[in-house]
Amino acid sequence: MALFSLQNNLFPLPLPTTPSSTKSFPSVTTRRATIFGSSLVLLNSTPPTLAQQLPNDHDELQQQEDHLVQLFQDASLSVVFIKDLELTKVPKSSSKGAMLNDDEDAKVEGTGSGFIWDKFGHIVTNYHVVAKLATDTSGLQRCKVFLVDAKGNSFDREGKIIGFDPAYDLAVLKVDVDGYEIKPVVLGQSNDLRVGQSCFAIGNPYGYENTLTTGVVSGLGREIPSPNGGAIRGAIQTDAAINAG
């Protein structure tokens, strides 16, 4: 998944290899409305000055929620959904830019997330998402990347792997985006992070596209295992629910 700060910055970081269960939270507005409603019941015993402050608090909460909705809508255009596929047979021809036919001749072996690096169609993802493609010798492994252009139009392309580093659990794909204007992610500086800052994870856990989970930065400079058995140092710890894909 891709991780965003409250200021709409992205922090590329290695994802934990242990899946986290997706939690369901009631909306902030609903929770606040319940509190506000309870206050109205006790209005007669509430000092007038406090009663006058409650509507302002509600407006501020609504602004915060609107900001989060806008953050998701803007940032999700830069997040992609990746399907790891295995063909039933080697295609007779594999011309450049060839399209997979709706997975009809392929078995879905896994899914994952990535983000758009630039307007030329480079996609950054985790190595473990495309490990089979990176090490394929049979010619049967493929991956399909599902994107949204800057206007909100969905499309998909076959992803070609052009680089990877198992030690850091990173890989780079290239997709053909001719005819589409895509939105690269806005990068932030991880060295400016502080424990306690809000963060938002946008991705596709368990194949569910465009999922948002929220949390805080709960630790910095952590160490997690990499796919090749080494250690990834300097990882960012968060309590936002993140699946290994």
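How many aromatic pairs does the structure hold? There are three aromatic pairs, and two of them appear in the legends below, along with the fold, the core and some charged contacts. Please keep in mind that this is a predicted model.

**Figure 1. The whole chain, built from three helices and 11 strands.** Start here to get your bearings. Reading along the sequence gives the pattern β-α-α-β-β-β-α-β-β-β-β-β-β-β. Of the 245 residues in the chain, 38% are buried. When contacts between residues at least 6 apart in sequence are taken, 67% of these join residues at least 24 apart. The accessible surface is about 13,800 Å², with 52% belonging to carbon and sulfur atoms.

**Figure 2. The largest nonpolar core, a set of 16 residues.** In soluble globular proteins, nonpolar side chains tend to be buried together. Here, the residues with the most contacts inside the core are Val80, Ile82, Ile123, Val145, Leu147 and Leu173. At least two core residues come from each of strand E2 (79-87), strand E5 (141-148) and strand E8 (170-174). Strand E5 gives the most, with three residues.

**Figure 3. The surroundings of Ile82, seen through its contacts.** Neighbours within four places in sequence are left aside in this view. Ile82 then touches a run of residues from Gly110 to Gly114, namely Gly110, Thr111, Gly112, Ser113 and Gly114. Its other contacts are Thr125, Val129, Cys143, Lys144, Val145 and Leu173. One of these partners, Cys143, is buried at 0% relative accessible area. Cys199 is buried too, with 0% relative accessibility, and the structure holds zero disulfides.

**Figure 4. A tilted aromatic pair, Phe81 with Phe146.** The ring centres are 5.7 Å apart and the planes stand at 35°, so this pair counts as tilted. Because Phe81 belongs to strand E2 and Phe146 to strand E5, the pair ties together parts that are 65 residues apart in sequence. Phe81 is buried, at 5% relative accessibility.

**Figure 5. A stacked aromatic pair, Phe155 with Tyr180.** For these rings the values are 3.7 Å centre to centre and 10° between the planes. Phe155 sits in strand E6 (residues 154-158), while Tyr180 is in the loop between E8 and strand E9 (198-203), so parts 25 residues apart in sequence are tied together. What is the burial of each partner? Phe155 is buried, with a relative accessible area of 6%, whereas Tyr180 is partly exposed at 31%.

**Figure 6. Salt bridges, of which the whole structure has five.** Side chains of opposite charge can pair when their charged atoms come close. Lys132 and Glu109 form one such bridge, with their closest N and O atoms 3.2 Å apart. Lys132 lies in helix H3 (residues 131-134) and Glu109 in strand E3 (residues 106-116), so the bridge ties together parts 23 residues apart in sequence. Lys132 is partly exposed at 42%, and Glu109 is partly exposed at 27%.

**Figure 7. A network of salt bridges linking Arg142, Glu158 and Lys160.** Within this network, Glu158 and Lys160 meet at 3.3 Å, N to O. Glu158 is buried, with a relative accessible area of 10%, while Lys160 is partly exposed at 40%.

**Figure 8. A salt bridge between strands E10 and E11.** Arg233 and Glu223 meet at 3.4 Å, N to O. Arg233 is in strand E11 (residues 231-238) and Glu223 in strand E10 (residues 211-225), so parts 10 residues apart in sequence are tied together. Arg233 is exposed at 63% relative accessibility, and Glu223 is exposed with a relative accessible area of 52%.

Notes:
Residues numbered from 1 in each chain as written. Predicted model: local features only at pLDDT ≥ 70, side-chain atom pairs only at ≥ 80, totals over all residues. Heavy atoms only, no water. Helix = DSSP H or I, 4+ residues; strand = E, 2+ residues; numbered from the N terminus. Buried < 20%, exposed > 50% of the residue type's maximum accessible area, 1.4 Å probe, protein only. Contact = heavy atoms within 4.5 Å. Areas by Shrake-Rupley, 256 points an atom, 1.4 Å probe, with all protein chains shown as cover. Core = buried A, V, L, I, M, F, W, Y, C linked by side-chain atoms within 4.5 Å. Disulfide = S-S within 2.5 Å. Phe/Tyr/Trp six-rings, centres within 6.5 Å; stacked < 30°, edge-to-face > 60°. Salt bridge = Lys/Arg side-chain N within 4 Å of Asp/Glu carboxyl O.
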